[in-house]
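Colleague: I should like a close look at a single part of this complex, namely the sheet in chain B and what packs against it. Please then place that part within the wider architecture of the two chains.

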Amino acid sequence: MCANDARGSNAVVAEIVARMADMPGALLPILHAVQDALGYVPEESLPVIADGLNLSRADVHGVVTFYHWFRRTPPGRHIVHLCRAEACQAGGQKALEAHAKASLGIGYHQTTADGAVTLEPVYCLGNCALTPAVMVDGQLHGRVSPSRFDALMTECRGESR
Amino acid sequence: MATTVFVPKDAAALSVGADRVAAALTQAAAASGRDITIVRTGSRGMCWLEPLVEVDTTHGRIAYGPVTEDDVPGLVAADIFGGGAHSLRHGTVGDIPYFGSQTRITFARVGVVDPASLDDYIAHGGYRGLARAISMTGADVVKAVTDSGLRGRGGAAFPTGIKWKTVLDAPAGQKYVTCNADEGDSGTFADRMLMEGDPFTLIEGMTIAGLAVGATRGYIYLRAEYPHAHQALLTAISRAEQGGYLGADVCGTGRAFHLEVRLGAGAYICGEETSMLESLEGKRGEVRPRPPLPALKGLFGQPTIVNNVMSLASVPAILADGPEAYAGFGVGRSRGTLTVQLGGNVKRGGLIEVPFGLTLREIVEGYGGGTASGRPVRAVQVGGPLGAYLPVSQLDTVLDYEAFGAIDALLGHGGIVVFDDTVNMAAMARYALEFCAIESCGKCTPCRIGSTRGTEIVDRIMAGHDREQNIAMLEGLCETLFYGSLCGLGGLTPYPVRSALTHFRQDFLTSE
C-alpha cells in the first residue's frame, strides 16, 4: 500500500475512533467499523486505534489476531464463506469444498489471481437443514451443489467486470 | 380488497430463493390485475418446504411450498391468491403433521407476524408478559421464572431463576443483562430463527429481566455470521424505543432499560459466557476462571445476567400465562418445551418445538423421515460440535437433560445432525479435535496443546501406525481434556471423540 493510501485510510480510521471511542468496550465495534469501511484492518491503523482508546499497540494487535473475522490484508472483490461444520459435512460439504478449491484454484484464506474471489472457511451459518451452505458477500445460499456454486461464481465475476 | 400473501425473509428461506419468489408473485399479481400485499415474515421452521408461501383466505392461511420462481405462473393460474388447488398446496400449516403436532410457545409468533412491526407483535399477544412483570416486585418476577422450571437453553441447563436471584440480591450501582446470541454450534439455528422471525420476544424477555433484577443496560452479543438477524434486531430495537418499550422510561414506569447489539467476530469460544463477557469488554475472548460467578462479577466487573436467546425468549410467555402453564409441559426436571433443530443429511430438516420427552427416533425418523440421501442412518450428533455421536441403537433415548447425561451425551442447545452410512467416524473424531484446535482461546494447556496432539494421534491411527497404543493414548488425552480444561470447549471435545471410539470403533481400525 502506498503512503497516500495509508494516510487516506488512517483518516477514515481516526474518524471512526473519534466517533466510537466513548462506547463501553469500544474496541470490537471500532474494528468492525474499520473493516466495514476499508475491507480489512490495516496494520497502520493499529496505532491510531490504540492511541484513541488509550491502549497499547500490543493490546490492539492481540485482539485483532484473536478473532477469525478480522482480516489483515485486503480481500478480493467478493468474499465467499464456505461452511465446514458437521451438518454441512453430513450434507455433501466435502465434495463442494474440493470443487470450490479446484475450480477457483485457491485454498482457504486465499484470493484468486484476478482478485475476484476470496475463499474463507466458516463454522456454521445457521442453515443446517439446507446443506451445504455458502455465504457470498453476506447473502446466504443453501443446498449448494458444485454446479450451483459455479453459477454463483459466474455471477460474481460478471458483476465485478 | 387486497389479498395478503406471506413470504418468509428468514435467512434459510432466502438461501433457497424467497426473494425471487416474492418478486415473481408481485409481478404475476400485477400482470393478472390482482391486488396483493406481501408481508415478509420469519420461517415456520419447515426448511424442506422453503420457500413456503402462505395466502390469507376465508379458510385461513393456505400454505404452498416449496415454491420456486418458476412455479409462480402455474400457481397464479391455479388461483393461489384465492387458495386454489395445486400440487404444492398443503392446506393451512396446522394441516401439515410436522407443524400441527408441535407445541409452539417460544416460537408461537415466528412465521406468523411481521418481525419489523411492533403493532403486529402486540396484536399477537406481545408485551403481556412485561405488563404483568411491571405490576410485580422484582423478587416475584424472579420467583415466577424459578417456579416455571426454566433451565438455560444454551447447553448447561442451569436453572435460570437461580441465576437471576443471585443478580437480584447482589448490591451494585450498575447491573447488566446480557444475551448470548453467539449461536456457533453446528446444527443449531433456533436463536437465529427467533431473532429474525420474532425479535420483540427476545427484547421483551430482556426487558423483564432488567426490570426484575434492577439492571438498566442490556447487550445482545450476536455472531457476525448472522447479518440477517442483526438487521432484524436493529429494526426491532429502534421500533421498541420509539414505542416507549425501551429507553430511559420503560412503559411510563420511570425505570430505564437500554438495549444494544454487539457483534462477535468469528470466535466460537465467545459462546462460553466468561469469554463472551471479555469480548463485550473489547478484549480477546479468553475464558475467565470461575469463581467469581458472572452473576456477581460479570460485565465490567458488575453483577450480570448471562442467558441464551431461547431462555430469555421463553420468559415473556412464562410471565404472561403463569409459571404453572409452562411447567405443565415436559418430563422430570426438564420442564417446558425444547426447540429441536434437525439438520444435516435428513429428508425433512427444520425447527421442531415440542415438550421434553419425545425420543430421538421420533424426531429423526418421524419428523425427519430419515436421510435425504435415502441411505440408512448411521450416526446422529446431538448438541453441537461438543456433543456425542450416537449410534442407531441409542435412538430410543428420551430428549431430556438427565436421559442424555445417563448415556454420556449432551442435549445442549437441541441441535440434531443426521449422518448416513457413508460417514467415516474416525474422520469426524479428527474434525472435532481440529475444530477445538482452531477455536481454542489458548488460555489453558490441555485445550491449546491437547487438541493439536489429538489430531496427530488420530492421523496415526488412521494411517495404521501402532493402532492399539495410539487409541489408548487418545483415550488418555480425552481424560486430560475432560478433567483439565478451564471451560467446555476443551472439556467437552472428548464427547464426540470418545463416543466415536465407543460406538464406531471399527472406523478407527480399518480406515486408511
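Modeller: The account below begins with the sheet and then moves outward to the domains, the interface and the partner chain. The model is predicted, and every value is computed from it.

The sheet of chain B is open and consists of five strands, arranged in the order β2-β1-β3-β4-β5, with mixed pairing. At its edges stand β2 (36-41) and β5 (89-92) of chain B; each has a single partner strand, so one side of each is left without a neighbour in the sheet. On average, and with direction ignored, adjacent strands of this sheet are turned by 25° against each other.

The pairings of β1(B) illustrate the mixed character of the sheet. With β2(B), strand β1(B) pairs in the parallel sense, over six bridges. Thr4(B) has Thr37(B) as its bridge partner in β2(B). With strand β3 (residues 53-57) of chain B, by contrast, strand β1 (residues 3-8) of chain B runs antiparallel, and two bridges join them. Here Val5(B) has Val55(B) in β3(B) as its bridge partner. Helix α2 (residues 18-31) of chain B packs on the sheet, where this helix touches β1, β2 and β3 of chain B. The direction of this helix makes about 160° with that of β1(B).

The next level is the division of chain B into domains. Its assignment gives domain 1 (3-100), domain 2 (118-327), domain 3 (330-420) and domain 4 (425-510). For domain 2 and domain 3 of chain B, the centres taken over C-alpha atoms are 26 Å apart. Across this boundary, 18 residues of domain 2 of chain B are in contact with 19 residues of domain 3 of chain B. On the domain 2 side, the elements that give two or more residues are α9 (190-197), α13 (309-321) and α14 (323-327) of chain B. The residues on that side comprise eight nonpolar, eight polar and two charged.

One residue in chain B serves to show the packing at the level of a side-chain position. Ile203(B) lies in helix α10 (residues 199-213) of chain B. A residue is classed as buried when 20 or more other C-beta atoms lie within 10 Å of its own. Ile203(B) has 32 C-beta neighbours inside 10 Å and therefore counts as buried. Beyond the neighbours within four places in sequence, the contacts of Ile203(B) are Ala236(B), Ile237(B), Ala240(B), Leu246(B) and Leu259(B). The pair Ile203(B) and Leu259(B) is separated by 56 residues in sequence, yet by 8.0 Å in space from C-alpha to C-alpha.

Between the chains, 35 residues of chain A are in contact with 46 residues of chain B. On the chain A side, two or more residues come from each of α2 (27-38), α4 (57-66), α5 (86-90) and β5 (139-141) of chain A. The most is given by α2(A), with four residues. By class, this side has 22 nonpolar, eleven polar and two charged residues.

Chain A itself has seven helices and five strands. Read from the N terminus, its elements follow the order α-α-α-α-β-α-α-β-β-β-β-α. The C-alpha trace of chain A spans about 50 × 35 × 20 Å along its principal axes. Of the 161 residues in chain A, 41% are buried. Among contacts in chain A with a separation of 6 or more, 62% are accounted for by residues 24 or more positions apart. Chain A is divided into domain 1 (3-66) and domain 2 (78-160), and the centres of these two domains, taken over C-alpha atoms, are separated by 29 Å.

Within chain A, α4(A), one of the elements on the side that touches chain B, also packs against a helix of its own chain. The axes of helix α3 (residues 46-53) of chain A and α4(A) come within 8 Å and cross at roughly 115°. The crossing of α3(A) past α4(A) is right-handed. From α3(A), Leu46(A), Pro47(A), Ile49(A) and Ala50(A) meet Arg57(A), Asp59(A), Val60(A) and His61(A) of α4(A). This contact has five nonpolar, one polar and two charged residues.

Terms used:
Residues are numbered from 1 along each chain as its sequence is written. Chains are lettered from A and ligands numbered from 1 in the order in which they are written. This is a predicted model: local features need pLDDT of at least 70, side-chain atom pairs count only at pLDDT 80 or more; totals for chains, interfaces and linings use all residues. A residue is buried if 20 or more other C-beta atoms lie within 10 Å of its own, exposed if 12 or fewer, and partly exposed in between; C-beta atoms are placed from the backbone. Two residues are in contact if their C-beta atoms, placed from the backbone, lie within 7 Å. Ala, Val, Leu, Ile, Met, Phe, Trp, Tyr, Cys and Pro count as nonpolar, Asp, Glu, Lys and Arg as charged, and the others, Gly among them, as polar. Domain bounds come from an automatic or database domain assignment. Axes are lines fitted to C-alpha atoms, for helices over the stretch in contact, and angles run from 0 to 180 degrees between N-to-C directions. A crossing is left-handed if the near helix is turned anticlockwise from the far one by less than a right angle, and right-handed if clockwise. Two strands pair if DSSP finds at least two bridges between them.
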